[in-house]
Amino acid sequence: MILVFASSKGGVGKSTTCAACGAALALENSRVLILDLDQNRTLHRWSRKFSIPGLTVEAPAPDDFPTVLKSRLTSGDYDHVLIDLAGVREMTMFKAISRADLVIIPAQASEPDIREALVIAGDVRDLEETAGRKIPYRLLLTKMFPLRNRVSDFAYSELARKGLPMFKTVLVERTAYREMFLNGEPPTQHDTGKGAGVEIAALLDEIEEIVYPDAAPADRHPLQAAE
Ligand SMILES: Nc1ncnc2c1ncn2[C@@H]1O[C@H](COP(=O)(O)OP(=O)(O)O)[C@@H](O)[C@H]1O
Ligand SMILES: [Mg+2]
């Protein structure tokens, strides 16, 4: 499958979520390519710190991205391609979204983040018309406080009011996610049965249900939706 992590803001958790999902899929024996299209190259730098069999990170120049994506898909070397974007609405983002099986829009539970997420959701709907196909998208709440509070209540009621589709899974503010860029270890490598590991596994279950709606879990063939 092709997953695109998009937002018009930096710091919302795109790279963290992309890396955690990519690592978790690779640790389940999928062959995963992460395309880091952010000029900051957060994930490209991260990739020098880990060694996870089956996980590759490439950082092509944004102009080369469509050609690189096409050649990696036709190579048959990868089961999944995850695309991490810069936090700006520009052409590279639109090109990536138009190729996505699912667009994941991370946002913190705050009014400005939710407003920005709505803008990206609007972009996805515009691109659906150009692409002539449905492009599923979901908002993902990140860096959540574990306990309900006024801000998270506001976020949920706003999201319900606007009808923005969202993941049931939320990512809680956890040290394991922050440590990833320091020591290279994906949050799911040791934490499989708890915390970040449980969250990322639940998120991947939801993602697979959206991308492969008709398949039983065992029959969810990689890149099936992209063929
Ligand atoms: N769930 C989380 N818990 C704790 N820290 C997080 C979480 N998600 C992201 N972060 C931290 O927030 C900062 C921004 O995250 P990042 O993934 O780089 O955002 P983006 O790619 O959207 O700019 C980083 O320092 C990262 O470690
Ligand atoms: Mg980033």
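User: Which residues come nearest to ligand 1, and what makes a residue count as being around it?

Analyst: In this predicted model, 17 residues surround ligand 1, and Gly13, Lys14, Ser15, Thr16 and Tyr177 come nearest. A residue counts because its C-beta atom, placed from the backbone, lies within 6 Å of the ligand. Helix H1 (14–27) and helix H7 (175–183) are the elements that give two or more residues to this shell.

User: How many residues of the shell around ligand 1 are nonpolar, polar and charged?

Analyst: The shell divides into 4 nonpolar, 8 polar and 5 charged residues. Gly counts as polar and Lys as charged under the grouping used here, so Gly13 falls in the polar group and Lys14 in the charged one.

User: Let's look at H7. Which of its residues are buried, and what makes them so?

Analyst: Ala176, Tyr177 and Met180 are the buried ones in H7. They earn the word because each has 20 or more other C-beta atoms within 10 Å of its own.

User: How do you know that the buried residues of H7 line one face of the helix?

Analyst: Look down the axis of H7: the buried residues fall within an arc of 105 degrees, so they line one face. A general rule helps here: an α-helix has 3.6 residues a turn, so residues three or four places apart point the same way.

User: Which exposed residues does the face of H7 turned away from its buried side carry?

Analyst: That face carries Thr175, Arg178, Leu182 and Asn183. They are called exposed because each has 12 or fewer other C-beta atoms within 10 Å.

User: Now the sheet. What makes E3 and E6 the edge strands?

Analyst: Start with the order, E3-E2-E4-E1-E5-E6, in which 6 strands form an open sheet with parallel pairing. Strand E3 (55–58) and strand E6 (137–141) each pair on one side only, and that makes them the edges. Neighbouring strands are turned by 20 degrees against each other on average, direction ignored.

User: How do you know that E1 and E5 pair?

Analyst: Pairing needs at least two bridges, and strand E1 (residues 2–5) and strand E5 (residues 102–107) share 3, in the parallel sense. So they pass the test. Among the partners, Val4 goes with Val103, and Leu3 stands opposite Leu102.

User: Why is E5 called mostly covered?

Analyst: Of its 6 residues, 5 are buried.

User: What unit do E5, H5 and E6 make?

Analyst: E5, helix H5 (residues 111–131) and E6 make a right-handed β-α-β unit. Its two strands run parallel and are joined by 5 bridges, and Ala107 stands opposite Leu141 in E6.

Conventions. Residues are numbered from 1 along each chain as its sequence is written. Chains are lettered from A and ligands numbered from 1 in the order in which they are written. This is a predicted model: local features need pLDDT of at least 70, side-chain atom pairs count only at pLDDT 80 or more; totals for chains, interfaces and linings use all residues. Helices (H or I, at least four residues) and strands (E, at least two) are DSSP runs, numbered from the N terminus. Axes are lines fitted to C-alpha atoms, for helices over the stretch in contact, and angles run from 0 to 180 degrees between N-to-C directions. A crossover is right-handed if, with the strands pointing away from the viewer, the path from the first strand over the helix to the second runs clockwise. The arc is that of the directions from the helix axis to the C-beta atoms.
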